[in-house]
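I sat down with this model today and kept short notes as I went. Here is what I looked up, in order.

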Amino acid sequence: MRTAATILGAAVSGLLSGLALAVILCLVTGAAAVVAGSTAVLPGTFTATAGKENGALALSFEPHFTGMLVVAGVWAGLMVAVAAWGTFPTRR
């Protein structure tokens with residue numbers, strides 16, 4: 001039972017931290033677009049374009065939610081794998 005709870009906890013925390021990771025990657029991509037003054041692309045996840053509108057800085061972005069879910073899913077899978085590896089008894 002403890003193993004199942006550990007793996008379930010790893011899956012939930014991995015999914016939530018994976019979504020946070022995807023948001024942080026999108027913010028970094030937007031910042032890169034502003035600094036470069038052009039388009040910045042995180043393939044399959046996010047596209048940001050910097051420009052000017054009425055003399056003010058403008059940031060146009062296009063999120064790709066499927067790619068964000070893939071990032072979160074891969075991260076959650078890694079968290080589950082690490083948690084499962086740690087629950088196996090070791091031979092001595």
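Confidence came up before anything else. This is a predicted model, and within the protein chain I found the lowest confidence in helix α2 (residues 65-87), at a mean of 86, and the highest in strand β1 (residues 39-42), at 90. For the protein chain I noted a mean pLDDT of 85, with 92% of its residues at 70 or more.

Next I turned to helix α1. It covers residues 2-36, 35 residues in total, and I read 50 Å from its first C-alpha to its last, close to the 51 Å expected at 1.5 Å a residue. Just after α1 I came to Gly37, which has a positive phi, near 75 degrees.

Which residues of α1 are buried? I wrote down Ala10, Gly14, Gly18, Ala22, Cys26, Thr29, Gly30 and Ala33.

Then I looked for the largest nonpolar core, and its eight residues are Ala22, Cys26, Ala33, Ala40, Phe46, Ala48, Ala50 and Met68. Both α1 and β2 (46-53) supply at least two residues each to this core.

I picked Ala48 from that core for a closer look. Setting aside neighbours within four places in sequence, I listed Thr29, Gly30, Ala33, Ser38, Thr39, Ala40, Leu59, Ser60 and Phe61 as contacts of Ala48.

My last stop was Thr47, which sits in strand β2. Not counting residues up to four places away in sequence, Thr47 touches Thr39, Ala40, Val41, Ser60, Phe61, Glu62 and His64. With His64 I also noted a polar contact between the two side chains, at 3.4 Å.

Methods:
Residues numbered from 1 in each chain as written. Predicted model: local features only at pLDDT ≥ 70, side-chain atom pairs only at ≥ 80, totals over all residues. Heavy atoms only, no water. Helix = DSSP H or I, 4+ residues; strand = E, 2+ residues; numbered from the N terminus. Expected span 1.5 Å × (residues − 1). Buried < 20%, exposed > 50% of the residue type's maximum accessible area, 1.4 Å probe, protein only. Core = buried A, V, L, I, M, F, W, Y, C linked by side-chain atoms within 4.5 Å. Contact = heavy atoms within 4.5 Å. Polar contact = N/O pair within 3.5 Å; in protein donor to acceptor, adjacent residues only side chain to side chain. pLDDT = per-residue confidence, 0-100.
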